Amino acid sequence: MSQRDIHYSLIIKHMDLFEKCDHFETLKYVRKLGIYPYFHELESRQAPVVKMENHRVIMLGSNNYLGFTENEAVIQAGHAALDKYGTGVSGSRFLNGTLDLHLQLEKEIAEFTGYEECMTVSTGFQTNLAIISAICGKDDYILNDRENHASIYDACRLSYAKVLRYRHSDMLDLERQLKSIPENAGKLIVTDGVFSMRGDICKLPEICALAEKYGARVMVDDAHGFGVLGPGGRGTAAHFGLTDKVDITMLTFSKSLASIGGCMLTSHRVADWLRHVSRPFIFSASITPCSAATALEALHQLILDPKRPERLMNIAKYFQKQLLANGVKIIEAPTPIVPIFTYKTLDTLYFGKKMFEEGVYVNPVIAPACVEGECLLRTTLMATHTEPIIDEAVEIIARVLREGAPAM
């Protein structure tokens, strides 16, 4: 071994595990420029207008699509659950942590969406881990849209299955990948229903047709589709009339249902198996009583007001129309997710900070959440936004973008 090799081996041997934490240069640079965009303090309810860091801000960065976080019936349901059940369950669904409330929530979501079974999980992220890690194994194949949510990618790693990524919504590439898989292998096509960064909807009819042709199963992550698409907000599969063709749908409660948690919708056969083998489900405490009760009451409010998703889409269309009229470049998508082009990373962070200071909260989207050079300001609408609030927000957004970003 040469002196150089010995020196190198000593460096490797004595390198501290935490040394990487001292070399986060991008973070240091962004903070030095004063355009760090994360962890703003919210001091009020999630609503169209909020209080953040002691000033009034129009909220265009929340996933509170139906506006139920400030619905009094939903809030009161949470209070009632705290009084009846206490603050937590102190155990997993598998053991002591199953409440009658959990079973009621599962039953009513399944009935609402048209599935045989619903299985609740502690968070939306964990729901994808619970499903994919259990249903897929080392001899199976997962076909993953490149723009799927990060939780799906982590779930794929946990499953040990072989993962093939197809180009975003590219059905020719999906079919090419399907053809490459051994005919007798297990195959799962996983796609977001509504893609969270660009707001576009998956090509579900084509996906289901290819799944049938090549003997694959279909799973839809409908975190951003439920409460938004389909009759009465029933989601992406219902939007296309394909509920019977989608084998598994996952939902989150932190968006349209104004709570926290998630669930899987599927057949009796699959749900019963997953409840007994899924480690993320078995070894996690179940959803708190308050969270289950608020999600259930939000579902009731949606059933009572089935036109609410339509109002959400109308205000989103109005917002897009006003942005375009003011010369703002956007991705025109048929959902309440409205991305604004900003292209460069530092410009994006600057615009996000400047808009916040002027009274509008938006979410900067930079690499690795998008490709460098295609950075965005991601805005999202609520059914409770009004046209005067939108007009005020558009004026600020358009003015900040016209003024431009300084050289950095």
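This is a short walk through the strands, ring contacts and one pocket of the structure above.

Hi everyone, thanks for coming. Please keep in mind that we are looking at a predicted model.

Let me start with strand β8, residues 248–252. Is β8 mostly covered or mostly open? Mostly covered: five of its five residues are buried. The side chains split between two directions, with I248, M250 and T252 pointing one way and T249 and L251 the other, and all of them are buried.

Now look at the neighbours of β8. Strand β7, residues 217–221, pairs with β8 in the parallel sense, over three bridges. If you want a residue to click on, V220 stands opposite T249 of β8. Strand β9, residues 262–266, runs antiparallel to β8, and four bridges join the two. Here M250 has M264 in β9 as its bridge partner.

I248 takes us on to a pocket. The second largest pocket has a volume of about 540 Å³, and I248 is among the residues closest to its centre, along with I135, R217, D247 and V270. In total, 22 residues line this pocket. Which elements give two or more residues to the lining? Those are β6, residues 187–192, and α10, residues 268–277. The largest share, three residues, comes from α10.

Next, two open sheets. In one of them, three strands are arranged in the order β10-β13-β12, and the pairing is antiparallel. That puts β10 (337–343) and β12 (363–365) at the edges, each pairing on one side only. From one strand to the next, the twist averages 30°. Between β10 and β13, the latter spanning residues 375–380, there are six bridges in the antiparallel sense. You can find this pairing by looking for I337, which stands opposite T380 in β13.

The other open sheet also has three strands, in the order β1-β2-β11, but here the pairing is mixed. Its edge strands are β1 (49–52) and β11 (360–361), each of which pairs on one side only. Strand β2, residues 55–59, runs antiparallel to β1, and the two are joined by four bridges. In that pairing, K51 has R56 in β2 as its bridge partner.

Staying around there, Y361 brings us to the rings. How many aromatic pairs does the model have? The count comes to five. One of these pairs is F356 with Y361, an edge-to-face arrangement at 6.4 Å centre to centre, with 85° between the planes. So why do we call both residues buried? The cut-off is under 20% relative accessible area. F356 counts as buried because its relative accessibility is 6%, and Y361 counts as buried because its value is 15%.

There are also charges sitting over rings. R31 lies over the face of Y36, at 4.6 Å from the ring centre. For K162, which lies over the face of Y141, the distance from the ring centre is 5.4 Å.

One last stop before the coffee: A150, in helix α6, which covers residues 150–159. With a relative accessibility of 44%, A150 counts as partly exposed. The C-alpha atoms of A150 and N128 are separated by 9.8 Å, and the two residues are 22 residues apart along the chain.

If you take one picture away, let it be β8: buried along its five residues, with β7 parallel to it and β9 antiparallel. Thanks, and I'm happy to take questions.

Terms used. Residues are numbered from 1 along each chain as its sequence is written. This is a predicted model: local features need pLDDT of at least 70, side-chain atom pairs count only at pLDDT 80 or more; totals for chains, interfaces and linings use all residues. Side-chain values use heavy atoms; hydrogens and water are left out. Two strands pair if DSSP finds at least two bridges between them. Axes are lines fitted to C-alpha atoms, for helices over the stretch in contact, and angles run from 0 to 180 degrees between N-to-C directions. Rings of Phe, Tyr and Trp (its six-membered ring) pair if their centres lie within 6.5 Å; planes under 30 degrees apart count as stacked, over 60 as edge-to-face and the rest as tilted. Buried means under 20% relative accessible area, exposed over 50%, partly exposed in between (1.4 Å probe, protein chains only). A charge sits over a ring if NZ of Lys or CZ of Arg is within 6 Å of the ring centre and within 35 degrees of the ring normal. On a 1 Å grid over the protein atoms alone, a cavity is a set of points where a 1.4 Å probe fits but cannot get out, and a pocket is an open set with protein on both sides within 12 Å along at least five of seven lines; lining residues have an atom within 4 Å of a point. Grid points are joined across faces, edges and corners, and a volume is the space filled by probe spheres set on the points.
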